[in-house]
Every structure is written in C-alpha cells, then in structure tokens.
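This report goes through a protein model step by step, from one residue and its surroundings to the sheet, the loops and the surface.

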Amino acid sequence: MQEGDVELCSLDFDTEYSRLYLQIWLLDDKVYLVVELEYPYDGLIFYQINSGEEASIKYVGKVKGLSISPTILERSTPVTIEFVDDTEATHKVTVTSASGQVVQRLTVAAGQTSVSLNTSSWGKGMNIVTTKNSNNETESCKLIVK
C-alpha cells in the first residue's frame, strides 16, 4: 500500500505459488484484500484494509473449514455448505450480492454439519457466502449465478 512515494504497508509471500489473484471485497462496510492462492496452499487469505490517518492492512485469516458447492450455478440450484473442521459451533450464514445487498441470512445450529441454501431469490452474477462461527471466525466463498 502506497501513498505518494511513501510505502505504508506491503505483503510478502515466502513461497512460490502457481497462481496468485488479488481482489478487493466490501463486506459489512469493511474493505478486505482477498488473496486467492493455488498450490501449494489452495484457498483464500483475508486482510482487512483500514484507511485514514493510520492506514494499515491487518491479517484476518484463511478459509479452511468450509466446503461450498456448486460455486457456479443456475438460479434455483441448491447450494450446499459443509462445515468441515468446526462442526460443534453455531454458524451465522450471510449471502451478499456483488452490489453489497444482503440476499439471505440464516443460523446453523451447533452439531449440524451441512445446510442447503435456496437460491431462487438470488440475482445473476457474483454472490458472496460468509459464515461466522461462535468464536467470531469468518470464512467466505464467492459463487456465480448464471
């Protein structure tokens, strides 16, 4: 992150990846730098971007315990979320459209290992499924509705 000629913050990755994608996401009025990596770690890493006088980039976490399928779908195709690592926690699920509109919210009870989402009211384009467990750990996945 740079302001004029002054470097405010930088990210270094100590491993070579076959692909590295950078995205900026706006979720719940917060701005995130999302790093999508392929091999040797396949997944997403989230950094929160804070602007203003004390601009910073703060590591938030990696997506690890969530499986969502399908990720590219036709409207009305059910989406299944499986909680892989954290099946004993309650999860809050929020689906947000690319424009930032909340499309769907639900709570998944502790012990429930999967849930199916009804996509019939979702608009075409990108949607972001975000889950937050009872430890306030957040994971997200993008879905494309054709």
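In which strand is Q104 found? Q104 is found in strand β11, and the report begins with this residue.

## Basis of the model

The model is predicted, so that local features are reported only at pLDDT of at least 70 and side-chain atom pairs only at pLDDT 80 or more, whereas totals for chains, interfaces and linings use all residues. Residues are numbered from 1 along each chain as its sequence is written, and side-chain values use heavy atoms, with hydrogens and water left out.

## Q104 and its surroundings

With a relative accessibility of 19%, Q104 counts as buried; in this scheme buried means under 20% relative accessible area, exposed means over 50%, and partly exposed lies in between, for a 1.4 Å probe and protein chains only. Leaving aside neighbours within four places in sequence, Q104 is in contact with V93, T94, V95, L117, N118 and W122, where contact means heavy atoms within 4.5 Å.

For W122, the link to Q104 is also a polar contact of 3.0 Å between the two side chains. A polar contact is a pair of N or O atoms within 3.5 Å; within protein, one must be able to donate a hydrogen and the other to accept it, and residues adjacent in sequence count only if both atoms are side-chain atoms.

## Strands and the open sheet

The protein has 14 strands and zero helices, these elements being DSSP runs numbered from the N terminus, with at least four residues (H or I) for a helix and at least two (E) for a strand. Five strands form an open sheet of mixed pairing, in the order β8-β14-β13-β10-β11. Strands β8 (72-73) and β11 (102-108) stand at its edges, each with a single partner strand, so one side of each is left without a neighbour in the sheet. Two strands count as paired if DSSP finds at least two bridges between them.

At one edge, β8 and strand β14 (residues 138-145) pair in the parallel sense over two bridges, and L73 has V145 of β14 as its bridge partner. At the other edge, strand β10 (residues 91-97) pairs with β11 in the antiparallel sense over six bridges, and here V93 has L106 of β11 as its bridge partner. The hairpin of β10 and β11 has four residues between the strands, and in this hairpin G100 takes a positive phi near 95 degrees.

## Backbone features on either side of β8

The peptide bond from S69 to P70 is cis, with omega near -10 degrees, and P70 lies in the loop between β7 (66-69) and β8. In the loop between β8 and β9 (79-83) is S76, a residue other than glycine whose phi is nevertheless positive, near 80 degrees. With a relative accessible area of 46%, S76 is partly exposed.

## Burial and surface

Of the 146 residues of the protein, 34% count as buried. The protein exposes about 9000 Å², of which carbon and sulfur atoms supply 46%; accessible areas come from the Shrake-Rupley method with a 1.4 Å probe, and for residues only the protein chains shown count as cover.

I24, which lies in strand β3 (residues 19-27), counts as exposed at 56% relative accessibility.
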